[in-house]
Amino acid sequence: MTTVTELLEPVEADLEILLSDLRSLIGAGHPILQAAAEHLFSAGGKRLRPGIVLLISRALASDGGLTSRHRRLAEITEMIHTASLVHDDVVDEAATRRGVETVHSRFNHRVAVLAGDFLFAQASWHLANLDNLDVVKLLSRVIMDLADGEVKQGLFRYDTGQTFETYLEKSYCKTASLVANSARAAGVLSGYTEPQLESLYRYGRQLGLAFQVVDDILDFTGSDQQLGKPAASDLSSGYLTAPALYALERNAAMGVLIEREFSNEGDLDEALGMVRDSDAIARTRQLAETFAQESREALTWLPDSPYRTALLELPDFVLSRLY
Ligand code: IPE
Ligand code: IPE
Ligand code: MG
Ligand code: MG
C-alpha cells in the first residue's frame with residue numbers, strides 16, 4: 001500500500017516549508033492560542049489538503065515551479081482545515097485528534113473556541129492579502145460551508161427521516177467544499193480557463209466526497225488507535241452517515257433504536273451490529289469508489305509530470321485507507 005508520505009513525495013520539501021511557515025504565521029498571536037494551535041500542527045495530520053494544492057500548483061506551471069502566492073494558498077487551506085477540527089472536536093466532545101489530546105481536553109473549552117476563531121481569522125487575513133477577489137470568494141465560501149455543514153449535521157441528529165441527499169450535501173459542506181474550492185483557487189492563481197477551473201473543482205469535489213465517505217466507513221470498522229481519534233462515534237452521537245442510512249433502508253428495527261436515541265441498555269451495540277452485519281459497508285464502499293473514479297477522470301487532461309501522477313493516484317490512496 002502506498003502511504004500518504006510516498007504519494008506526496010513530489011511536494012515533500014514544500015510541505016516542510018509549509019509547516020515552518022505555519023508556525024511563524026501563528027507565532028504572532030497570544031501565547032496560549034499559539035500553544036493551542038501549535039499543539040495540533042506538531043501532532044501532524046496527513047496534510048492532504050495543502051498537498052493537493054501544492055501538487056496542482058506545480059502540475060499547472062509549465063516549469064513545474066511554485067509561486068509564493070500558491071504556497072500561501074496551501075497554508076491558508078491547512079489553517080482553515082485545522083480551525084474546523086478544533087471547533088468540531090468541541091461540538092463532538094472528542095478526546096483525541098491526530099493521536100494526541102484535542103485542544104479543549106489539553107487546555108479547555110474557552111481556549112479551543114478562541115484558538116479556532118484565531119486560526120479562521122488568520123486564514124481570512126492572509127487570504128485577503130493574496131489580493132485576488134476570485135480567490136477570496138472561493139475560500140470565504142468554504143468557511144461558510146463548513147459552518148453550514150456543522151449546523152446541518154446537528155439539526156439532523158437522530159433524524160431517521162433524513163434523505164441520502166441531505167447526507168451528501170452535509171458531506172460536501174464539511175469536507176468536499178474545501179478541497180474543491182482550494183483546487184480551483186490554485187487554477188485561478190495560475191490563470192487557467194473556465195473549463196479547466198471547473199475540472200479542478202470537480203476533481204476536488206469528488207475526491208473530498210470519496211474521502212468523507214471512506215472516513216464514515218472507518219468510523220464503523222477502525223479502532224481508536226488506527227484513526228488517532230475515537231472510533232464508532234458517529235452513530236453514538238446520532239450522526240447518520242452512509243453506512244447507517246443504508247442499514248436503515250434494509251432494517252426498520254434500526255429506526256426504533258435511533259429514535260429512542262439508544263436510551264436502552266445494549267441499543268447502541270445492537271445498532272452497530274445491524275450496520276456491520278448488513279450490506280451497508282459494502283454499498284458505502286461502492287459509493288466511495290464511484291466518487292474516486294469520477295475524481296480521477298476529471299484531471300486526465302493535465303500534462304504529464306510527477307505531480308500529475310500523484311494527483312491521479314490520490315483517489316486510489318483515499319480508497320486504500322479501507323484495506
Ligand atoms: C479529518 O480530516 C476531518 C474529516 C474531513 C473527516 P483528516 O483525516 O484529513 O485530518 P488530518 O488533517 O489528517 O488530521
Ligand atoms: C470533521 O468532521 C471536521 C470538519 C470537516 C468540519 P467530523 O466530525 O465528521 O470528522 P471527525 O471524525 O471528527 O474527524
Ligand atoms: Mg468530529
Ligand atoms: Mg463533527
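1. A polar contact, as the term is used here, is a pair of N or O atoms within 3.5 Å, of which, within protein, one must be able to donate a hydrogen and the other to accept it. In this predicted model, the side chain of S295 makes such a contact with the backbone oxygen of Y203, at 3.2 Å.

2. The surroundings of S295 fit into the same picture: the residue belongs to helix α16, which spans residues 280-298, and it is buried, because its relative accessible area of 0% falls under the 20% limit. Leaving aside residues up to four places away in sequence, S295 touches Y203, Q206, L207 and P315.

3. Turning to the metal site, the magnesium ion (ligand 3) has D88 (OD) and D92 (OD) as its protein donors, which lie 2.0 to 2.1 Å from the ion. The magnesium ion (ligand 4) is 3.2 Å from the magnesium ion (ligand 3), and D88 coordinates both.

4. D88 and D92 both sit in helix α5 (residues 68-92), and because they are 4 residues apart there, about one helical turn separates them. Their accessibility is described by separate terms, since D88 counts as buried at 10% relative accessibility, whereas D92, with a relative accessible area of 24%, is partly exposed.

5. A further point concerns helix α13 (residues 242-250) and helix α14 (residues 252-259), whose axes come within 5 Å and cross at roughly 125°, so that the two helices are oblique to each other. On the α13 side the contact involves A244, A247, L248 and R250, which meet A252, M254, G255 and I258 of α14; by character, the residues of this contact comprise 6 nonpolar, 1 polar and 1 charged.

Key. Residues are numbered from 1 along each chain as its sequence is written. Chains are lettered from A and ligands numbered from 1 in the order in which they are written. This is a predicted model: local features need pLDDT of at least 70, side-chain atom pairs count only at pLDDT 80 or more; totals for chains, interfaces and linings use all residues. Side-chain values use heavy atoms; hydrogens and water are left out. Axes are lines fitted to C-alpha atoms, for helices over the stretch in contact, and angles run from 0 to 180 degrees between N-to-C directions. Angles under 35 degrees count as roughly parallel, over 145 as roughly antiparallel, 65 to 115 as roughly perpendicular and the rest as oblique. Contact means heavy atoms within 4.5 Å. Ala, Val, Leu, Ile, Met, Phe, Trp, Tyr, Cys and Pro count as nonpolar, Asp, Glu, Lys and Arg as charged, and the others, Gly among them, as polar. Donors are N, O and S atoms within 2.8 Å of the metal (3.2 Å for Na, K and Ca); water is not among the atoms, so sites may look incomplete. Buried means under 20% relative accessible area, exposed over 50%, partly exposed in between (1.4 Å probe, protein chains only).
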